[in-house]
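This briefing walks through a structure with its ligand, topic by topic. Please keep the sequence and the coordinates open while reading the points that follow.

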Amino acid sequence: MAESSGTPYPVAVIGASFAGLAVARQLPGPLLLFDRAAPGAFQSSACALPLAWVRHLGLDASVRFSTSRFRCVMNGYEAPIELNEPFCTIDYPTFCTAGADLSHVSFVQSKVHRVEGHTLQTEQGPYEAEVIVNASGWNAVDRPGPPPPKGVGIETEIPARVDAFEFHFDRPFIQNGYGYAWAFPCGDTVRFGVIKYYGRHNLKTLLTAWLESKGLKVGATHGGAVPYLPQEPLVQGAMFQTGDAAGLCFPVTGEGIRLALYFGTMLGWLLRSWREGKRSLEEVRTDYRALVQHYEGKLRAVWKLQKALNRYPFLMGPLLRWGTRGPHFRLIANKYLHCFRPPADCETELARVIG
Ligand SMILES: Cc1cc2nc3c(=O)[nH]c(=O)nc-3n(C[C@H](O)[C@H](O)[C@H](O)COP(=O)(O)OP(=O)(O)OC[C@H]3O[C@@H](n4cnc5c(N)ncnc54)[C@H](O)[C@@H]3O)c2cc1C
């Protein structure tokens, strides 16, 4: 185990999940990576993401199922959708364990209680680092500022079969405000879940009733919150926030893995350029902030749609009927898919985004 005192480490990352692992993969050693549990021990999400990201990271062994077929269902209306590229579901423990297996990383299984300047106060005692990356999820450790606005989701994985990524917007899921249910294929099992952004649903009751209507029984459940607006301060002193800890998640869909991997990769690369003497830390702060700010306007625009749906959830019906007919849907879906792709080269990507 890495020592808890002595010379400070250049970088410490809190959180060995999507965002933290993306940062760690870009950086040279020595690097400290903290998580309160073994990598992949606590799955909170349905773990669906573009297959291109898993391939980019070389973690193909974690893929459980992949397809470009999607299906939207609402009160008897069904719209099959074929996207331009496949999504996949992954096995979270395999993804995180393989993702954290990096020779330059010293993994410390320890809860970080708080961060004081350059010091991480952990269950294993204090650790010092010049830079601290907070990738500890929506309930971020020691977040300066108020908690982010969030939706809440719950899910179960049980033996069943579906052949497409299904989204259900039937009355029970939207009657008290916007939300939806999903059924994501994983081979011989399916991840069934429900999410609400607003209103007073009892998610477990909703999930149980939905599955019972299909003749299925809820198994063990997991879940958590989904933040949906970028949070300030993004950078403060020695600390950089990324992934859910920075509120970087798509409103409306709750898709956050792609953003955690994208911003984590770009932040890791910026910090590497600092380690290599190509950028000052102040330049890293400026560039990372500019990168997030570039996308913030787009995320806020999607959030406005979510706000409208929270207020008038039954707009979802006409929206879905209009949206899934004709060529405009492909246009919107592919625009959505086009964001946060794996950057082939981070330097070019940064220049493309912030000029
Ligand atoms: C029910 C549900 C389903 C979802 N389904 C999808 C989906 O299919 N596709 C998608 O793209 N998004 C999905 N999301 C959103 C997605 O899960 C998140 O956006 C994503 O996990 C964010 O990654 P992250 O690395 O920032 O944070 P997390 O994945 O939350 O990881 C945070 C890590 O930090 C660790 N940690 C936390 N506190 C401490 C501490 N104090 N000390 C040390 N370690 C700590 C945790 O153990 C964890 O490993 C879903 C969310 C929910 C709730």
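## Confidence in the model

Within the chain, the mean confidence falls to its lowest value, 78, in helix α9 (residues 327-338), whereas it reaches its highest value, 98, in α6. The model is a predicted one, and its pLDDT averages 91 over the chain, with 98% of the residues scoring at least 70. The points below turn to the ligand, then to a helix and to the backbone.

**Ligand contacts**

- The ligand is surrounded by 34 residues, of which the closest are Ser17, Ala19, Asp35, Ala48 and Asp244.
- Two of these residues also appear in side-chain contacts with ligand oxygen: a polar side-chain atom of Ser17 is placed 2.7 Å from an oxygen atom of the ligand, and an N or O atom in the side chain of Asp35 is placed 2.6 Å from an oxygen atom of the ligand.
- The backbone takes part as well, since a polar backbone atom of Ala46 lies 3.0 Å from a nitrogen atom of the ligand.
- Taken alone, the ligand would expose 1,000 Å², and the protein buries 92% of that area.

**Make-up of the shell**

- Two or more residues of the shell around the ligand are given by each of the elements α1 (18-26), β10 (150-159), β12 (179-185), β14 (221-227) and α6 (257-275).
- Strand β14 supplies the largest share of this shell, namely 3 residues.
- By residue class, the shell around the ligand comprises 17 nonpolar, 12 polar and 5 charged residues.
- Helix α6, one of the elements contributing to the shell, is also the element in which the mean confidence of the chain is highest, at 98.

**Helix α7**

- Helix α7 (residues 281-311) has 31 residues, which at 1.5 Å a residue should span 45 Å, and this agrees with the 43 Å that separate its end C-alpha atoms.
- A kink of about 30° is nevertheless found in α7, and this kink is centred on Glu296.

**Backbone geometry in loops**

- The peptide bond from Gly29 to Pro30 is cis, with omega near -5°, and Pro30 belongs to the loop that runs between α1 and β2 (31-35).
- A second cis peptide bond leads from Glu232 to Pro233, again with omega near -5°, and Pro233 sits in the loop between β14 and β15 (235-236).
- Asn75 adopts a positive phi of about 40° although it is not a glycine, and Asn75 is located in the loop that joins β4 (63-74) and β5 (77-90).

Definitions and conventions:
Residues are numbered from 1 along each chain as its sequence is written. This is a predicted model: local features need pLDDT of at least 70, side-chain atom pairs count only at pLDDT 80 or more; totals for chains, interfaces and linings use all residues. Side-chain values use heavy atoms; hydrogens and water are left out. Helices (H or I, at least four residues) and strands (E, at least two) are DSSP runs, numbered from the N terminus. The expected span of a helix is 1.5 Å times one less than its number of residues. The bend at a residue is the angle between axes fitted to the seven residues ending there and the seven starting there. A residue is near a molecule or strand if one of its heavy atoms lies within 4 Å of it. A polar contact is a pair of N or O atoms within 3.5 Å; within protein, one must be able to donate a hydrogen and the other to accept it, and residues adjacent in sequence count only if both atoms are side-chain atoms. Accessible areas come from the Shrake-Rupley method with a 1.4 Å probe; for residues, only the protein chains shown count as cover. Ala, Val, Leu, Ile, Met, Phe, Trp, Tyr, Cys and Pro count as nonpolar, Asp, Glu, Lys and Arg as charged, and the others, Gly among them, as polar. pLDDT is the predictor's confidence in each residue, from 0 to 100.
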